[in-house]
Amino acid sequence: MAFFLVFLASFFGLCIFSTALLRWNQVKYNKKNLPPGTMGWPLFGETTEFLKLGPCFMKNQRARYGSFFKSHILGCPTIVSMDPELNRYILVNEAKGLVPGYPQSMLDILGKCNIAAVNGSAHKYMRGALLSLIRPTMIRDQLLPKIDEFMRSHLANWDNKVIDIQEKTNKMAFLSSLKQIAGIESSSLAQEFMPEFFKLVLGTLSLPINLPNTNYHRGFQVKFNMLLYDHVKLRVYLIIKTKMSFQARKIIVSLLRTLIEERRASKQIQHDMLGYLMNEEANRFKLTDDEMIDLIITILYSGYETVSTTSMMAVKYLHDHPKVLEELRKEHMAIREKKKPEDPIDYNDYKEMRFTRAVILETSRLATIVNGVLRKTTQDMEINGYVIPKGWRIYVYTRELNYDPRSYPDPYTFNPWRWMDKSLEHQNSFLVFGGGTRQCPGKELGVAEISTFLHYFVTKYRWEEVGGDKLMKFPRVEAPNGLRIRVSTN
């Protein structure tokens with residue numbers, strides 16, 4: 001009996017304490033000039049609900065508080081914007097006090113000179129150096145031939161095999177970028193470089209929260225798995241995986257630094273991205289070795305997720321929509337018929353792939369490869385009639401805009417034909433590639449890579465799914481058990 005009374009007292013005590021803690025944290029942020037919303041628990045905020053419920057959490061908050069509300073997610077107080085006009089304003093007004101607000105884990109791992117970590121004149125200079133590597137003439141003359149050569153080799157022996165298309169596109173995205181960067185040395189680098197790069201990518205997904213018995217300094221990834229609060233119980237499960245991302249970065253930096261020193265000693269000019277960066281006569285952007293290394297890591301990282309995942313999802317959608325596949329194959333067969341079997345595709349061929357571009361854009365929209373963009377206030381600033389305190393994040397949440405029937409009639413249908421109207425790509429609600437001065441500079445290069453992959457895949461092969469086709473679309477798009485397909489010659 002005594003035990004039961006102690007348990008009952010403890011139970012009610014926990015309920016009262018939990019309620020008081022939630023109330024205290026809400027009052028703490030209950031300033032009259034802030035947008036409406038809830039802040040959740042101290043330290044953790046509403047991160048657990050956000051990661052567990054994802055899009056449903058955002059929809060519920062929008063239904064309660066509108067398209068501009070406050071929360072506490074990913075380790076800091078955050079304003080969530082789901083309004084197209086406000087999103088555009090936020091993305092184009094960096095000069096007025098809005099800078100990238102990505103997690104410190106990402107900035108630390110990608111390097112202090114990466115274009116997401118620098119602002120003002122430094123960002124302009126680093127972005128200019130990056131754009132010089134991927135401008136249209138460079139894609140036409142230098143990069144597309146390397147992409148074509150790589151894709152032919154990568155897809156050469158898939159016939160009569162069961163493959164995991166997720167694994168193949170992951171490797172494809174990394175190795176294709178490495179070939180563009182390091183040219184003839186890419187093959188010897190790949191074996192040592194690739195596993196470290198995958199560790200680095202996983203580390204950038206970690207949350208910048210120091211928890212007992214964790215080691216954020218070494219790049220730990222923290223996943224909040226469950227938070228259930230039903231006015232009776234609170235359970236928080238923390239699953240902690242060690243991702244030696246900072247160690248991976250050290251190894252990658254060492255590999256790239258050695259490559260730079262070897263090239264400098266040989267005095268030979270290579271016709272690849274690194275060669276162009278090191279060619280002081282041809283390149284007006286004079287970068288230090290540290291800046292070159294961070295720029296190379298940025299190129300590898302920024303293209304990896306979008307190219308690999310968009311390629312995988314395009315294969316999935318094409319399998320599920322035979323009429324789209326028929327139209328796409330028709331476009332590529334017309335290009336192939338004008339060439340000998342050994343002829344590569346060139347820049348003119350790429351520009352003719354209008355329906356291919358439509359398939360890529362529709363895949364990016366429907367799969368929502370990128371959920372949103374983070375900004376941070378550098379001063380107190382007024383937005384939408386509210387005062388956002390200095391240091392708060394603003395999450396430009398673009399996911400739901402992709403399913404707005406006002407912009408995309410029948411939004412949950414895979415319909416690439418909608419993108420044959422070129423004006424759709426330039427509307428305010430289309431923020432798949434970001435916006436403002438931070439719009440993804442590698443957009444066209446990424447589209448060229450995916451287009452080349454699809455060209456050789458659909459002209460050479462047919463395929464059917466054989467299992468493992470369960471897909472997760474939040475917080476990132478992936479097939480947890482792989483996406484296996486049986487491939488046969490076309």
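**Helix H3**

I began with helix H3, residues 55-65, and looked up which of its residues are buried: they are Pro55, Phe57, Met58 and Gln61. Viewed down the axis of H3, these buried residues fall within an arc of 155°, so I noted that they line one face of the helix. I should record here that I am working from a predicted model.

I then turned to the other side of H3, where the face turned away from the buried side carries the exposed residues Ala63 and Arg64. To see what the buried residues of H3 pack against, I listed their partners, which are helix H2 (47-53), strand S1 (68-73), strand S2 (76-81) and strand S10 (393-397). Just after H3, I found that glycine 66 takes a positive phi of about 95°.

**Helix H15**

Next I checked helix H15, residues 354-367, which has 14 residues and reaches 20 Å from its first C-alpha to its last, close to the 20 Å expected at 1.5 Å a residue. I found 12 of the 14 residues of H15 to be buried, so I describe this helix as largely enclosed by the rest of the structure. Among the buried residues of H15 are Phe355, Val359, Ile360, Leu361 and Leu366, and I noted that Glu362 and Arg365 are also in the buried set.

Which helices do the buried residues of H15 pack against? I found helix H12 (289-320), helix H13 (322-337) and helix H16 (443-460). Just after H15, threonine 368 takes a positive phi of about 50°.

**Helices H12 and H13**

Since H12 and H13 both appear among the partners of H15, I looked up how these two helices pack on each other, and found an angle of about 110° with their axes 5 Å apart. Angles of 65 to 115 degrees count as roughly perpendicular, and H12 and H13 are therefore entered as roughly perpendicular to each other. In this pair, Leu318, His319 and Asp320 in H12 meet Pro322, Val324, Leu325 and Leu328 in H13.

**Helices H8 and H16**

Lastly I followed H16, another partner of H15, to helix H8, residues 165-182, and found that the axes of H8 and H16 come within 12 Å and cross at roughly 125°. H8 and H16 are therefore oblique to each other, and I noted their crossing as right-handed. From H8 the contact is made by Ile165, Thr169, Met172, Ser176, Ser177 and Gln180, and from H16 by Leu445, Glu449 and Phe453.

Note on methods: Residues numbered from 1 in each chain as written. Predicted model: local features only at pLDDT ≥ 70, side-chain atom pairs only at ≥ 80, totals over all residues. Heavy atoms only, no water. Buried < 20%, exposed > 50% of the residue type's maximum accessible area, 1.4 Å probe, protein only. Helix = DSSP H or I, 4+ residues; strand = E, 2+ residues; numbered from the N terminus. Arc of directions from axis to C-beta. Contact = heavy atoms within 4.5 Å. Expected span 1.5 Å × (residues − 1). Axes fitted to C-alpha atoms, helices over the stretch in contact; angles between N-to-C directions. Parallel < 35°, antiparallel > 145°, perpendicular 65-115°, else oblique. Left-handed = near helix turned anticlockwise from the far one by under 90°.
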